[in-house]
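Subject: Structure handover

Hi,

Here is the structure I promised to pass on. Please look it over before reading my notes below.

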Amino acid sequence: MRTYDFAPLYRSSVGFDQIANMMDRALRADSTTQSYPPYNIEKLEDDAYRISIAVAGFSDNDLSVEVRDKALIVSARKADEDEGKTYLHRGIATRAFERRFHLADHVQVTGAEHVDGMLHIELELQVPEALKPRQIQIASDVKRVEKDVVDAKSVN
């Protein structure tokens with residue numbers, strides 16, 4: 001695996017350390033990728049997403065969905081109900097897990113649903129009005145432009 005040095009980015013920019021940290025986490029996660037439980041990330045619309053996680057064998061009480069520090073944390077702990085049972089074959093994994101998804105700015109978790117062994121988590125990009133593009137009206141008043149030019153000359 002390649003390692004990348006983000007020092008040049010830190011030397012020539014301000015405020016992009018969050019992006020470098022995110023890239024570093026993504027590169028580190030590739031080397032230690034866990035496969036349990038399997039999941040999908042869907043883009044439903046331009047501003048709507050769904051994460052679906054296969055959680056067969058877990059009840060609603062065993063699952064936890066939490067948002068903390070710009071991260072969605074999904075975890076499960078199975079109560080030990082297997083006492084006294086003897087399995088000839090055990091292929092359904094119900095081991096504990098914790099899966100983290102780092103959320104971009106303004107991505108909000110809007111709901112979660114557990115149906116047919118799948119945990120569906122709905123997410124939405126909610127951009128504040130102040131950050132949305134807005135149209136600026138262009139003034140065509142000649143007197144206003146001339147006044148600004150005169151004021152600029154008198155200051156200099």
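Three strands make an open antiparallel sheet, ordered E3-E4-E5. Strands here are DSSP runs of at least two residues, numbered from the N terminus, and two of them pair if DSSP finds at least two bridges between them. Strand E3 (63–68) and E5 each have a single partner strand, so one side of each has no neighbour in the sheet. From one strand to the next, the twist averages 15°. Six bridges join E3 and E4. Val65 faces Val74 in E4.

A word on the source: this is a predicted model, in which local features need pLDDT of at least 70 and side-chain atom pairs pLDDT 80 or more, while totals for chains, interfaces and linings use all residues. Numbering starts from 1 along each chain as its sequence is written, and side-chain values use heavy atoms, without hydrogens and water.

Next, the core. The largest nonpolar core (buried Ala, Val, Leu, Ile, Met, Phe, Trp, Tyr and Cys residues joined through side-chain atoms within 4.5 Å) has 16 residues. Ile53, Leu72, Val74 and Phe97 touch the most other members. Strands E2 (48–54), E4 (71–76), E5 (97–102) and E7 (118–125) each give two or more residues to this core.

Last, Arg99 in strand E5. Is Arg99 buried or exposed? Arg99 is buried (under 20% relative accessible area, 1.4 Å probe, protein chains only), because its value is 7%. The Arg99 side chain reaches two backbone oxygens: that of Tyr36 at 3.3 Å and that of Pro37 at 3.1 Å.

Best wishes

Notes:
Buried means under 20% relative accessible area, exposed over 50%, partly exposed in between (1.4 Å probe, protein chains only). Helices (H or I, at least four residues) and strands (E, at least two) are DSSP runs, numbered from the N terminus. A polar contact is a pair of N or O atoms within 3.5 Å; within protein, one must be able to donate a hydrogen and the other to accept it, and residues adjacent in sequence count only if both atoms are side-chain atoms. Axes are lines fitted to C-alpha atoms, for helices over the stretch in contact, and angles run from 0 to 180 degrees between N-to-C directions.
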